[in-house]
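Reader: I would like a close look at the sheet in this protein. Please go through the strands, what pairs with what, and what packs against them.

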Amino acid sequence: MEIIGYLLMRQISLTKKDFKEYSITWGGLALIEFLVSERHNIGSKYTTCLDIGCGDGVHSDIMKHIGLKVTGVDKYSEKADYNMDFMSWSRARQMNFDVVFCSHVIEHQRNVGDFLDRIYDVLSDDGVSVSY
């Protein structure tokens, strides 16, 4: 993880080896694209992130290394900060996040519209959703 954060912060190109070594998925590539394009806003405009379906925390670790305060929610992972389904997570309604990230989650939703509405509800006014 550290090499990816180091390379991102120094605007050095990532190689194919970097992605293979850290098992970065297509969702991880979308995340890295976002982090590189918004690197000047991390820590100022974007400080908090919700990682929906965080799994083992690979993407969360990258975001934490870059400087985001990440909260993970995943109903199948004991490593998540909140081990529950995002759609039934009532505390989320009281929270706001600058970034909401989810990788390979939308296609598993029974009602995609409700899922996107819930993401919208937890986004800060200038927040952004990164979904793949």
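Author: The sheet is described below, followed by the helices on it and the pocket.

This is a predicted model, in which local features need pLDDT of at least 70, side-chain atom pairs count only at pLDDT 80 or more, and totals for chains, interfaces and linings use all residues. Residues are numbered from 1 along each chain as its sequence is written, and side-chain values use heavy atoms, with hydrogens and water left out.

The protein has five helices and four strands, where helices (H or I, at least four residues) and strands (E, at least two) are DSSP runs numbered from the N terminus. Along the sequence they follow the pattern α-α-α-β-α-β-β-α-β.

The four strands make an open sheet with parallel pairing, in the order β2-β1-β3-β4. Two strands pair if DSSP finds at least two bridges between them. At the edges stand β2 (69-73) and β4 (123-131); each has a single partner strand, so one side of each is left without a neighbour in the sheet. From one strand to the next the twist averages 20°, with axes taken as lines fitted to C-alpha atoms (for helices over the stretch in contact) and angles running from 0 to 180 degrees between N-to-C directions.

Parallel strands β1 and β2 are joined by five bridges, and T48 has K69 in β2 as its bridge partner. Strand β3 (residues 97-102) pairs with β4 in the parallel sense, also over five bridges; here F97 stands opposite L123 in β4. As for β1, four of its five residues are buried (under 20% relative accessible area, 1.4 Å probe, protein chains only), so β1 is largely enclosed by the rest of the structure.

Two helices pack here. α4 touches β1, β2 and β3, and its direction makes about 170° with that of β1; contact means heavy atoms within 4.5 Å. α5 lies across β1, β3 and β4, running at about 135° to β4.

β1, α4 and α5 also appear in the lining of the largest pocket, whose volume is about 590 Å³. A pocket is an open set of points on a 1 Å grid over the protein atoms alone, where a 1.4 Å probe fits, with protein on both sides within 12 Å along at least five of seven lines; lining residues have an atom within 4 Å of a point. The volume is the space filled by probe spheres set on the points, which are joined across faces, edges and corners. Of the 28 lining residues, G53, H104, V105, H108 and Q109 are the closest to the centre of the pocket. The elements giving two or more residues to this lining are β1 (48-52), α4 (58-66) and α5 (112-122).

Methods: Buried means under 20% relative accessible area, exposed over 50%, partly exposed in between (1.4 Å probe, protein chains only).
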